[in-house]
Amino acid sequence: MAKLPASVDKIIDKYGPHKAYPPQSGFEGSHEPDKLVKTHCCYCGMQCGIQLKVKDNKIAGFEPWMEFPFNEGRLCPKGVQRYMQNNHPDRLMDPIQRVEGAGFEPISWEQAMSKTVSEIKRIQAKYGNDAFAMLSGVSLTNEKSYMIGKFARVALKTANLDYNGRLCMVSAGGGNKKAFGLDRASNSWADLKHAEVILVAGANISETFPTLTHYIWQARDKGAKLIVVDPRVIPLARTADIHLPVKPGGDSALFGAILKIMVDNDWIDHDFINNHTSGFEEAIEAVKDYDLEWAEETTGIPRQQILAAATLWGKAKTSFLLHARGIEHHSKGVENVLSCINIVLASGRIGKPYCGYGTITGQGNGQGGREHGHKCDQLPGNRDITNPEHRKYIAEVWGIDEKDMPGKGLTAYEQIEAIHRGEIKGMISICFNPLVSLPNNNFVREALEKLEFYICIDTFLSETARHADIVMAGSLHEEEDGTVTTAEGRVVRINEAVSPPGNTRRDGQILMEIADRLGVGDKFNYPTSEDIFNELRVASKGGTADYFGITYKKIVDNMGIFWPCPSEDHPGTPRLWEDRKFKTPDGKAHFNPVSYRPPAERTDEEYPILLTTGRVVSQYLSGTSTRRIGKLVDQYPEPLLEIHPKLAFQYGIKDRDMIKVITRRGEGEFPAQIVETIREDTVFIPYHWGGKQSANQLTIGTLDPVSKIPEFKVCACQLIVTGKKSTQKLTDTAYQSYS
Amino acid sequence: MLRLFQTLNRVAVIKATIAVVIVGFLVLLGSRDLQNFDPALIAYLIGTLFAVFGIAYRYSVWLQRPPTRLYWRRSMNFLFSKDFISYALRSLKLFFKNIIFQRFIAHRSKTRWAGHFLMAIGCLLAFAITIPLTFGWIHFELRPGDDVTYYAKVFGFEAGTFPLGSVQAFVAFHGLVWCSILVIIGSVMMMKRRVTDGGLIATQSFSEDLLPLILLIAISVTGLGISYDYTFLQGKTYQFMAVTHAIVVILWLVWLPFGKFFHIFQRLAQLGANLYKHEGERRGMATCEHTGKEFATQLHVNDLKTLTKDLGFDYDKKDGRNHLDLSPEGKRSALAKAHFEARKESGKFFG
Amino acid sequence: MPETNYNPEMAFFVDMQRCIGCHACEMACAECETNGQESMIHVNYVNRAVSTQTTVQVCMHCEDPTCANVCPADAIHQDDFGVVHTANTSRCIGCSNCVLACPFGVPKKEEQAELMMKCNMCYDRTSVGKKPMCATVCPSQALFYGTVKEIEEMRPDSVPVNSFKFGNQEVKTKVNVMMPKGTHTLIVE
């Protein structure tokens, strides 16, 4: 609502981000904790097992959990520092409300609740139910994700619910549904270890999923060849057998060309294609002109390298293809994904031991959170909100009349556009920081300023929450029971290690009370998280993401269960498609024709350089939590502009010069980091920061027509040398350049 | 370390003997040929002389080790140079800061400093009281006809008077009580760390880390026992208190040169190391060829090249450079580059 | 040293080419109770301008440690298992001889505290049969702690090497570096 209630500096002064460090000799009780609680890291789709040390209802440290099969104690720096989000001085300890000119003041829960509910009612009465929207996030557990889906449709009665998974893996989900009729990585990571060729496209595994590295290195120990597709020589690519430095936006051209080479050399599995797939002819027709010369021109990769990669891939006996946001964050994200699936299907290497394919889900519960009705077009069990049968089933589970269930709503970025158009007037958000994570965030900020009422549930006052009328002090990952589903489809158990401190409340409790005050308390009567899960099991039953056979006990006994798991005696499904029964209407895997399209914005004389964005290993997403953890901040304290020495020389740029980067949407200043590990025509900025340091001031809001994912990974920019030098204290860990 | 004690070191024996003779001479001189010597303290005197021998012996042996000798010679050279005044002042300042007040420990932990300081200052004050008393350098007398005034004598010379029953008298005669209290508080603080800190529990040893604290507490408690006895028990248990105290103190004195407490004397080398660094900085810094940054004084790098050779390590390279010319980061990167090349040459980074 | 369950069968293996420079080891090292929130392991870019290559360095626990030899204060102790311990806090005079003489660039001088600190292979953990923090969390297993048999099975084409040549000096260590099969010494020129 309107501008910030006080100056940014004043708000930051009080609510952070401030850096927190452990005491010099560790937290009290870390040597002899009251208990060790087995749970998972909150920071990415790997969901590494970890044990939290608890002393006097506070987290005092961690102890590796050696027995959890995925990571066997291994962690990345975020995982090691994960426990530092607890006991944080910035933590919101009470509900607060906006006070014009002063910032925020604590209020009682009664005040927060009654004001919230009266505003929801007022706005919906005046502008209609859909004028009150909800944005959510998939760092939340399955239980909360499910409950939010129900909350929006049953309590808020709005169609406009969407989530930050929209910025994550929706392109992969869209592609997978088209090709396989189901949205999940086809294999557990165990198959990676034995694959002969591993192709990683647009996945900075070593920084964004560090613990997955071990699986790739193990495969290489056994002789696997590694192909990495990335505009930068990421740490994973440094020793790779083939690194394909693709020009941002050129992915589908690359995979189209590889498909053509496979077909031309007959490196394809005719049996599999004939018996278990459809659409092959159309798919190869689409790439028939994609010869090496064209591919080199379009992708910016030398043709010999493309040929070498295609040869390795084509001739392999076993293989695993992994991709992530690098190919998905595009206005043709779904096409990029489909072009990858095409070369997997052509090879026939799927549904067999050591043959796999999958997207690597980014967020903590990116997998589970996208299955149970969290999306604007979705109902639990990955059902379709526009499908009458699906609607009927879920309406029954929820105990409502199908006619009262809202239809398909707007996606996250479309909601922002709808606010600008005046269609959305009020909003509730949880676990989402769009002011940092959405593209073109000046546009997002203006939208927030137009809302009549905005309520946010969070643990810290994020950049977005600063614009809220009321912020409700919710719970951290370790303060509420539940389950999450990892990127490999394994449902694991999150244990409540400590109860919410002070006047904070569990997120679930907050939502239930609002629902109750909106008059539907009977539909939200869950004494425990397990009760929510048990309802979710029923709701997902018969859907593609079928959790019916999974119970809390079974999860704990087996250290996770892979869905689909349709009955209690079913062991779960680590590897999909062994039965060759795909979930498409015709039961076959679908090839999809993919013709290359250029990115929405191309370089020109005015904006001659490609800009791409991504992450660093020490930060997680919009940094609401990780930008408050001292050691993680110190490792990489500010976003740097990675630029090739040749391009830098052209502009007369020296290391650590402040460079103004301008796009058609905004501008920002970043210190230059001159490195040979990036394409000469491309610059890179990590996106975890807000305000003037935000890379998303620059990125473009063009959406993929199917998945509605914004094109974070490519736009055109210009560079201006400001003549200033970075004033940030030089930290060795981020620089160490000697040239 | 141990091998140093396997055979006696001749030079050290001579030096230690000289030290004992000098102390003996000073005892005779200060006590006016034992006139002012308190015969009750004879056991303490013998124990102290033994400690002097031991400390001097070990100090001498210690100084003979190449790295120690180097620091000793360098710091003496720098101290007694044209910059004597500035270096002497600097050393004096550091002496107070780091030896008397042990401020550097505060940077390891504040409570640790507090505990150590209480313990150390208690001990140092106790030394300042007991050694002159034991050696007969100081004694107090009542003069005939004046039973209300104490006369303090230092080296046989009158150094002041104070009335019996005065605050001064109370403070002076209970000096060791105050010291004991400081030492007990400090030792208990340090002991608490040793039984609660997981890292210390894993690495400490009884004789090197716990026994010294136990001894200090024992000395202080038995010492307090003597005061308690004559203040509240009219000396009924004096014999027992005095004997146990003497036994503990003498054990401690005998052990002083060989156990943890020797660090009190070693700590002085910290002053030398500081001078060495300071003078080195004036002469110029060494730059690492890998990082291009200054990382240490050139003097230090050069000395270490010689020193490592004396100790049997030859880090010279064929091209005349030395591995120690690299900064620590430079060395780590050199190792990583060599490893990378070896891996690359083999054609396999994994397997 | 106190009672210990240190298992001499277990060994430490490093392969810097697996390192992805994530600093998890460094963060975890600070959780080791023997060094009280100070990190003893080193992770650094070799030269970020040209490559993302990072190196990771634990104390190699030399058989004849240069650091202990050059220490003027007898502050560095090697125990019966060959673990070279961090400076004895009461003896160390903070002179930095060890920091500058260590051929691997391992010891760290805590300037204000006038104290050298270094990796002691997580003695609080290894002495009770656990793995060191760094090797436990390392997501790329550039740091591995286990038996020789285990590593031979996992990485059959590599061989643990514990001999290094710095100039004319050969240095033997307790910690191994994984090298291509057939290598006996890692020569650092």
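In what order do the strands of the open sheet in chain B run? Select chain B and you'll find the order is β1-β2-β3, three strands with antiparallel pairing. Keep in mind as you click around that this is a predicted model. The predictor gives the complex an ipTM of 0.96 and a pTM of 0.93.

**Stop 1: the sheet in chain B**

Stay on that sheet and colour β1 (138–143) and β3 (157–163) of chain B. These two stand at the edges with a single partner strand each, so one side of each has no neighbour in the sheet. Look along the strands for the twist: on average, neighbours are turned by 30 degrees against each other, ignoring direction.

Next, pick out β2 of chain B, residues 146–154, which pairs with β3(B) in the antiparallel sense over 6 bridges. For a pair of side chains to show, try Tyr150(B), which stands opposite Phe162(B) in β3(B).

**Stop 2: where chain C meets chain B**

Now bring up chain C. Its mean pLDDT is 94, with 98% of its residues at 70 or more. The contact between the two chains takes 58 residues from chain C and 55 residues from chain B. To see which elements of chain C are involved, select the ones that each supply at least two residues to the side touching chain B; among them are β2 (42–45), α2 (66–70), β7 (158–166) and β8 (169–180). Colour that side of chain C by class and you get 26 nonpolar, 24 polar and 8 charged residues.

**Stop 3: where chain A meets chain B**

Swing over to chain A. Here 9 residues of chain A are in contact with 10 residues of chain B. On the chain A side, the classes come out as 2 nonpolar, 5 polar and 2 charged.

**Stop 4: the nonpolar cores**

Time to go inside. The largest nonpolar core has 328 residues, and those touching the most other members include Ile198(A), Ile227(A), Leu254(A) and Ile258(A), along with Val14(C), Cys25(C) and Cys134(C). Which helix gives the most to this core? Select α14 of chain A, residues 333–347, which contributes 9 residues.

Zoom in on Ile258(A) and show what surrounds it: beyond its neighbours within four places in sequence, Ile258(A) is in contact with Ala309(A), Ala310(A), Trp313(A) and Ile343(A).

For the last selection, go back to chain B and show Tyr44(B), Tyr59(B), Leu118(B) and Met190(B). They are included in a second, separate core of 31 residues.

Key: Residues are numbered from 1 along each chain as its sequence is written. Chains are lettered from A and ligands numbered from 1 in the order in which they are written. This is a predicted model: local features need pLDDT of at least 70, side-chain atom pairs count only at pLDDT 80 or more; totals for chains, interfaces and linings use all residues. Two residues are in contact if their C-beta atoms, placed from the backbone, lie within 7 Å. Helices (H or I, at least four residues) and strands (E, at least two) are DSSP runs, numbered from the N terminus. Ala, Val, Leu, Ile, Met, Phe, Trp, Tyr, Cys and Pro count as nonpolar, Asp, Glu, Lys and Arg as charged, and the others, Gly among them, as polar. pLDDT is the predictor's confidence in each residue, from 0 to 100. Two strands pair if DSSP finds at least two bridges between them. Axes are lines fitted to C-alpha atoms, for helices over the stretch in contact, and angles run from 0 to 180 degrees between N-to-C directions. A nonpolar core is a set of buried Ala, Val, Leu, Ile, Met, Phe, Trp, Tyr and Cys residues joined through C-beta atoms within 7 Å. A residue is buried if 20 or more other C-beta atoms lie within 10 Å of its own, exposed if 12 or fewer, and partly exposed in between; C-beta atoms are placed from the backbone.
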